[in-house]
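Me: I should like to go through this structure by question and answer. Please reason through each reply and finish on the value or name requested.

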Amino acid sequence: MLTDIEIAQQAKMLPIREVAAAAGIPEDALEYYGKYKAKLSDDFLRAAEEKEDGKLILVTAINPTPAGEGKTTTSIGLGQAMCRMGLNTMIALREPSLGPVFGIKGGAAGGGYAQAVPMEDINLHFTGDMHAITAANNLLCAMIDNHLQQGNALGIDPRRILFKRCLDMNDRALRFVNVGLGGKVNGVPREDGFIITVASEIMAILCLARDLMDLKERISRILVAYTWDNRPVYAGDLKAAGAMTVLLKDALKPNLVQTLENTPVLMHGGPFANIAHGCNSVRATRLALKLADYTITEAGFGSDLGAEKFFDIKCRKAGLKPDCVVVVATVRALKYNGGVPKADLNEENVEALKAGIVNLKAHVENMRKFGVPAVVAINRFPSDTEAELQVIDDCCKEMGVRYALSEVFAKGGEGGLALAGQVLETIRSEESRFAPIYPLEMPIKEKIRAIAQQIYGAADVSYTAAASKSIAEIEALGHGDLPVCMAKTQYSLSDDPAALGRPEGFTLHVSEVRLSAGAGFVVVLTGSIMTMPGLPKAPAAERIDIDENGVITGLF
């Protein structure tokens, strides 16, 4: 079989104006970025608000292996399948970050014959949204340090500056840095650090903002520091919101691309789910709901991260009501959760699969706690055996959940017809009774406990002294009624990446708590989670190349 990039390079893409026309988007709503990419105008988004919403389908997953198991591929393939069935369908996805592209995971535009294209553009600079977010973030950082240099009229305590610089690349050497060195003319020396762009509050704000003015208002509410006498300092106090919004005005507009089968895709925003809220933009999702009868969107990593935040943060803030949730699983990932090393996942191991399938059960049960009907999608690999698939068949029947084998990687939309049929039957026969799992008026620690116990299966939660102090400060500032955004390893339901399957009786360890007042949530860091990842020993960047004709290889 051809590689992902070879398949994408052979794709017969339609000019984006034709994709738009088929989706009911007029040409005057398009702002072109070449022949195959476009942003959609604010005027068109406003006009579309008058239309009724279609059905909303969320694609999530079990806890993955380090290589990822095809959630985006399933989302795209499901959309292609529904279009093959003659259904008015649109896909709403996140934009890839350069960090994973050049690191361990690779791109995030799907795989095989279920990809969004132009694949190279999407996985690299795309329409410049990531760069705009990075620039806006770092403008605020520059204004903070300039304020210190120019007399510090606000009385900012340099030891209590909370807002960090960002970069859209995995670079562990930048986690902790010293700035302002080199003498008086170079600024006030202080400790600083970088986070990856997709973990920044600016990214979260862009994805949750309703419109340009809401974006600016949210930016002004970013808590950047405390003063010497413990008063909060916001971005608005530094008069930074206007200039930052100018940098983000085009990035706020959703991007339109297509799949290999010319299904329309709105790809916009890209927060990680393990260290941010893991969902594409509210604007893109809401527009898709207005334009299509069925909208397929995804949330990052396993349902314990992405789906929980989709439900408790995004749906709550945007007024969304999901009609169905698809839980993607693979035989490989379930064997991994049963203790099989990554190198041995292609070998049949029924006993390990039986041990690891408790992970699938946990994720399905968790989705039911939100009142949303679930369907299991088994992303089929060539190494899967009939004996292994029978174990999953038995498990799904025992749970009373619909399921289907998905072969979209190898067959495109045709390979997703069985899954599409199960999703449609679920939507038609089961009513969604969606509700978040905690009320906003709950104290912050009780909200954390609700997620830890109900979703992760923890017995208790512990806090460092610094985390408890931060929670007290946040509640004292009047932000105790915000939802919480948990930063946790994706590889386990717990905060220990080595605790696979369905760990029980553990204590969730909260190490740090941060207020993202502009985004409208409280970030809770657990275990040893890092907001600036590092590259692996053999990064994907070593295998990526380009020839004299500009043909890229090694991108996947």
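**Cysteines, helices and strands**

Reply: In this predicted model, Cys 166 counts as buried, at a relative accessibility of 1%.

Me: How many disulfides does the structure hold, and how far from Cys 166 is the nearest cysteine sulfur?
Reply: A disulfide requires two cysteine sulfur atoms within 2.5 Å, and the structure holds 0 of them. Cys 166 is thus left in no disulfide, and the nearest cysteine sulfur, that of Cys 141, lies at 7.3 Å.

Me: Why is Cys 207 without a bond to the closest cysteine sulfur, and which residue carries that sulfur?
Reply: Cys 207 is buried, its relative accessible area being 0%. Its sulfur is too far from the closest cysteine sulfur for a bond, because the separation is 8.3 Å; the residue that carries this closest sulfur is Cys 279.

Me: What is the strand order of the open sheet of 3 strands?
Reply: The pairing in this open sheet is antiparallel. β7 (156-161) and β13 (232-234) are the edge strands, each pairing on one side only. The order is β7-β12-β13.

Me: By what angle are neighbouring strands of this sheet turned against each other on average, and what angle does the direction of helix α7 make with that of β7?
Reply: With direction ignored, the average turn between neighbouring strands of this sheet is 50°. Helix α7 (residues 129-149) packs on the sheet and touches β7 and β12. The direction of α7 makes an angle with that of β7 of about 135°.

Me: Which residue in β13 stands opposite Tyr 226?
Reply: Strand β12 (residues 223-227) pairs with β13 in the antiparallel sense, over 3 bridges. Opposite Tyr 226, in β13, stands Pro 232.

Me: How many of the residues of strand β14 are buried?
Reply: Strand β14 pairs in the antiparallel sense with β2 (residues 38-40) over 2 bridges and with β6 (residues 114-117) over 2 bridges. Strand β15 (residues 264-267) also pairs with β14 in the antiparallel sense, over 4 bridges. β14 (residues 255-259) is largely enclosed by the rest of the structure, because the number of its residues that are buried is 5 of 5.

Me: Which residues in β14 are the bridge partners of Lys 39 and Ala 116?
Reply: For Lys 39, the bridge partner in β14 is Asn 255. For Ala 116, the bridge partner in β14 is Thr 259.

Me: Which residue in the turn between β14 and β15 has a positive phi?
Reply: Gln 258 has its bridge partner in β15 at Pro 264. β14 and β15 form a hairpin with 4 residues between them. The turn residue with a positive phi, of about 70°, is Asn 262.

Me: How many of the residues of helix α4 are buried?
Reply: Helix α4 (residues 71-84) reaches 20 Å from its first C-alpha to its last, close to the 20 Å expected at 1.5 Å a residue. Its buried residues include Lys 71, Ile 76, Leu 78 and Met 82. Just after α4, Gly 86 takes a positive phi of about 85°. The helix is mostly covered, with a buried count of 12 of 14.

Me: Within what arc do the buried residues of helix α18 fall?
Reply: Helix α18 (residues 417-429) has 13 residues, and Leu 419, Ala 420, Val 423, Leu 424, Thr 426 and Ile 427 are buried. An α-helix has 3.6 residues a turn, so residues three or four places apart point the same way. The elements covering the buried residues of α18 include β3 (55-61), α4 and β16 (294-298). The buried residues line one face of α18, because seen down its axis they fall within an arc of 160°.

Me: Is Gly 413 buried or exposed, and what distance separates its C-alpha from that of Val 179?
Reply: Gly 413, in the loop between α17 (408-411) and α18, has a relative accessible area of 0% and is therefore buried. Beyond four places in sequence, Gly 413 touches Gly 77, Gln 80, Ala 81, Arg 84 and Glu 261. Val 179 is 234 residues away along the chain, and the C-alpha separation is 52 Å.

Me: What is the relative accessible area of Gln 490?
Reply: Gln 490 lies in the loop between β21 (484-487) and β22 (507-516). Leaving aside residues up to four places away in sequence, Gln 490 touches Asn 63, Pro 64, Asn 274, Phe 301 and Leu 305. Buried means under 20%, and Gln 490 is buried because its relative accessible area is 10%.

Methods:
Residues are numbered from 1 along each chain as its sequence is written. This is a predicted model: local features need pLDDT of at least 70, side-chain atom pairs count only at pLDDT 80 or more; totals for chains, interfaces and linings use all residues. Side-chain values use heavy atoms; hydrogens and water are left out. The expected span of a helix is 1.5 Å times one less than its number of residues. Buried means under 20% relative accessible area, exposed over 50%, partly exposed in between (1.4 Å probe, protein chains only). Two strands pair if DSSP finds at least two bridges between them. Axes are lines fitted to C-alpha atoms, for helices over the stretch in contact, and angles run from 0 to 180 degrees between N-to-C directions. Contact means heavy atoms within 4.5 Å. The arc is that of the directions from the helix axis to the C-beta atoms.
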